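Let's take a look at the aromatic rings here and see what sits beside them. Have the sequence and the 3D view open as you read.

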Number of protein chains: 2
Amino acid sequence: METYTEVTDVGIEPKEGGLTSAKGFHAGGFHCGFKRKRPDLGWIYSDTPANTAAVYTTNQFQAAPLQVTKESIAQEKRIQGVLINSAVANACTGEQGLQNAYQMRRWFAEKLGIQPHLVAVNSTGVIGEQLPMDTLAAGIEQINLDDTDEKNFERAILTTDTFTKNVCVQVQIGEEQITIGGAAKGSGMIEPNMATMLAFLTTDAAIEQESLDAALKTAVNKTFNCITVDGDTSTNDTVLVMANGKAMNTPITSRDPNQCRVFTEALTYVCRELAKQIARDGEGATKLIEVNVTGAQLQSDARAIGKAIVGSSLVKTAIYGSDPNWGRIICAIGYSGVALDTCNLEVAIGDIKVVENGMPAAFADGVVTEYLRYNEQIVITVNLHSGTQSASAWGCDLSYDYVKINASYRT
Amino acid sequence: METYTEVTDVGIEPKEGGLTSAKGFHAGGFHCGFKRKRPDLGWIYSDTPANTAAVYTTNQFQAAPLQVTKESIAQEKRIQGVLINSAVANACTGEQGLQNAYQMRRWFAEKLGIQPHLVAVNSTGVIGEQLPMDTLAAGIEQINLDDTDEKNFERAILTTDTFTKNVCVQVQIGEEQITIGGAAKGSGMIEPNMATMLAFLTTDAAIEQESLDAALKTAVNKTFNCITVDGDTSTNDTVLVMANGKAMNTPITSRDPNQCRVFTEALTYVCRELAKQIARDGEGATKLIEVNVTGAQLQSDARAIGKAIVGSSLVKTAIYGSDPNWGRIICAIGYSGVALDTCNLEVAIGDIKVVENGMPAAFADGVVTEYLRYNEQIVITVNLHSGTQSASAWGCDLSYDYVKINASYRT
């Protein structure tokens with residue numbers, strides 16, 4: 001069985017960095033009073049309005065700030081400033097919550113001296129509570145655009161996360177090198193009414209908005225949409241990308257499919273790294289699980305199977321317990337909803353083939369147990385032998401701590 | 001908010017009893033050697049061939065015995081004997097597993113002195129291991145049809161279950177009283193390669209096979225298809241009903257919709273009680289969760305919302321921790337895939353309204369915490385206020401013991 005490898009021949013170079021690595025972006029964060037002590041207000045600012053695309057949660061209870069951000073982007077498809085608070089999600093807060101989100105946008109726009117529709121806002125935290133507007137007003141007053149530090153932004157958006165999440169890459173577009181950076185938060189999809197996966201991406205690439213939008217949708221579909229912590233989709237999930245053109249490359253447009261492909265692959269890389277960091281930081285997680293599915297007829301089939309496996313509580317507990325339980329893996333494949341020829345199925349845990357032709361392969365349990373016990377990143381490979389399509393999915397194991405974090409928050 | 005009540009005006013009388021309460025049925029079980037000590041071989045026998053209907057797992061890795069049982073039923077739509085072993089599921093066992101299942105059927109048919117196609121077989125236990133055929137042969141040899149004891153059957157089909165599961169009701173069909181009884185097993189959908197939810201139902205009602213089949217599908221859809229322990233669907237799930245006509249009622253046929261309705265409601269009652277017992281016995285469970293959804297436009301919508309709530313790991317852990325976390329409930333409703341007017345939503349935990357018009361209601365956290373802490377059966381009621389349809393779903397909480405049972409089986 002071949003190990004699955006993502007083909008990236010476009011020369012993506014990972015770098016140290018994040019949101020402010022791309023030219024013309026500034027970001028910061030600090031404690032303003034929503035939380036007891038930790039940073040809770042984060043901001044991003046671009047020197048000039050940036051072409052912007054975003055995707056949002058499919059949960060029907062979309063939080064108020066999402067509606068406001070959608071309206072901002074709809075107006076001109078450009079954003080110059082982003083403001084995020086943690087601790088309160090402003091979700092299920094009705095008309096007052098919506099007015100508060102508009103007020104949050106207006107105040108930050110005044111602070112920046114720009115029009116409100118150039119501002120995006122978001123919130124993450126407890127559902128059903130109104131934003132403390134006095135605290136917010138005082139916080140926005142405090143923002144100092146010269147005090148840029150992307151690490152502080154990364155900290156300010158966390159809730160139950162145990163580490164900050166960032167990524168940066170560079171890639172050549174024509175004559176110019178462009179940079180894409182990002183920051184994210186996410187741990188459980190919702191935790192004691194604490195919500196949300198958020199990712200903010202910045203690039204100095206010049207790219208028309210339609211191409212940026214297409215690139216983001218492609219990237220998210222292969223990355224953020226392929227992670228599962230507990231299967232619960234929050235009310236505030238957002239991925240937003242801003243492109244301000246400061247790299248001065250010849251603008252990327254749909255008339256140049258090759259440039260679009262290079263940019264899309266670089267953006268996908270950025271999204272994948274953030275998605276994996278989120279999966280690894282799943283509540284109570286001790287291991288990152290990566291499932292690579294190959295030999296499918298459709299990419300969507302490969303993705304459905306990958307997600308069924310990383311989403312199975314029984315697979316997750318088995319990996320937590322270092323149990324080489326291939327029966328649970330093929331069981332998840334069997335109920336994934338994808339039609340398959342079960343006789344052709346191959347499954348490997350690490351490099352060890354555990355299922356061949358749909359039946360148990362000859363392997364020593366102990367070898368797999370060792371692999372599961374001593375690796376922090378567990379790779380499961382599935383080959384359907386029925387086509388050429390492939391996809392990956394990421395998740396984490398299910399530990400006592402998941403139950404602890406989620407059962408004993410209030411009691 | 002009204003409490004949801006199932007309308008049953010057909011005079012169903014619950015009774016002590018089980019599989020052998022209906023006239024002409026015998027059942028037993030004993031230890032034959034698949035397990036170390038506990039009973040592991042169970043049988044059911046009807047004095048005469050009984051009209052039979054069955055539904056099976058949708059998992060594509062259907063175990064070998066399911067194929068054999070399907071063939072049996074297809075031939076004449078009648079079954080006289082059923083043989084089940086626990087400990088080995090005979091799933092993912094290829095051609096040899098299939099031949100072993102045929103042999104199992106043949107041996108039991110010889111024992112009963114009937115034709116093989118009048119026998120159904122099933123297995124539950126470890127996936128990927130072949131049945132030890134010598135043990136099985138010796139076990140079948142040992143069966144004594146005079147030694148009938150439904151309790152022994154109930155014990156013989158268990159795997160990780162912590163208690164036996166049975167039910168019995170009587171209802172009037174025309175001039176005659178008919179009896180329906182049943183036994184079931186199920187705990188996790190699969191556990192260290194241990195599998196399966198199984199239910200066997202017997203009735204002395206005279207009913208044409210087509211009506212029996214329709215009644216079973218209706219009943220299963222409202223009951224067994226509405227329970228969730230961990231979302232994993234096993235390779236061996238089967239619900240099978242045998243009707244031998246010994247009650248001598250005027251046969252129930254589709255030409256008498258009223259009689260069909262009475263029988264279907266009684267069968268649904270039986271299935272619901274078994275389903276709830278299975279949910280309550282979910283691995284590591286400390287509480288049964290019942291979700292009643294009303295005011296939906298479609299029954300399927302109500303069911304989807306109920307299943308999303310009982311299937312949410314975050315709701316399950318919150319209930320384990322007695323956390324009145326309504327945010328997780330509405331979050332699950334929001335991602336259930338059902339379009340709804342979020343502004344009309346009402347949610348109650350027990351009798352306490354926690355969400356009204358899609359926003360938090362005025363309630364004291366402490367009262368809900370008390371309710372969650374001191375009740376073993378937790379009722380969540382959801383009213384969508386958008387139609388007249390309703391449905392229920394059942395599940396259990398998610399405890400440390402679920403992780404323990406599923407993580408530490410082999411290690």
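Start with F153(B), which is buried, with a relative accessible area of 0%. Keep in mind that this is a predicted model. F200(B) is buried too: its relative accessible area is 2%, and the cut-off for calling a residue buried is under 20%.

So what do F153(B) and F200(B) form? They make an aromatic pair of the edge-to-face kind, with 5.7 Å centre to centre and 85° between the planes. F153(B) belongs to helix α4 (residues 150-156) of chain B, while F200(B) belongs to strand β10 (residues 198-203) of chain B, so the pair ties together parts that are 47 residues apart in sequence.

Over all chains, the structure holds five aromatic pairs. One of them is in chain A, where F153(A) and F200(A) meet edge-to-face, 5.7 Å centre to centre and with 85° between the planes. This pair links distant parts of chain A, with F153(A) in helix α4 (residues 150-156) and F200(A) in strand β10 (residues 198-203), 47 residues apart. F153(A) is buried at 0% relative accessible area, and F200(A) is buried at 2%.

Tyrosines get together as well: ring pairs join Y320(A), Y400(A), Y320(B) and Y400(B) into a cluster.

Finally, which charged ends sit over rings? Here they are, with the distance to the ring centre.

| Charged end | Ring | Distance to ring centre |
|---|---|---|
| K70(A) | Y56(A) | 5.1 Å |
| K70(B) | Y56(B) | 5.1 Å |

Notes: Residues are numbered from 1 along each chain as its sequence is written. Chains are lettered from A and ligands numbered from 1 in the order in which they are written. This is a predicted model: local features need pLDDT of at least 70, side-chain atom pairs count only at pLDDT 80 or more; totals for chains, interfaces and linings use all residues. Side-chain values use heavy atoms; hydrogens and water are left out. Rings of Phe, Tyr and Trp (its six-membered ring) pair if their centres lie within 6.5 Å; planes under 30 degrees apart count as stacked, over 60 as edge-to-face and the rest as tilted. Helices (H or I, at least four residues) and strands (E, at least two) are DSSP runs, numbered from the N terminus. Buried means under 20% relative accessible area, exposed over 50%, partly exposed in between (1.4 Å probe, protein chains only). A charge sits over a ring if NZ of Lys or CZ of Arg is within 6 Å of the ring centre and within 35 degrees of the ring normal.
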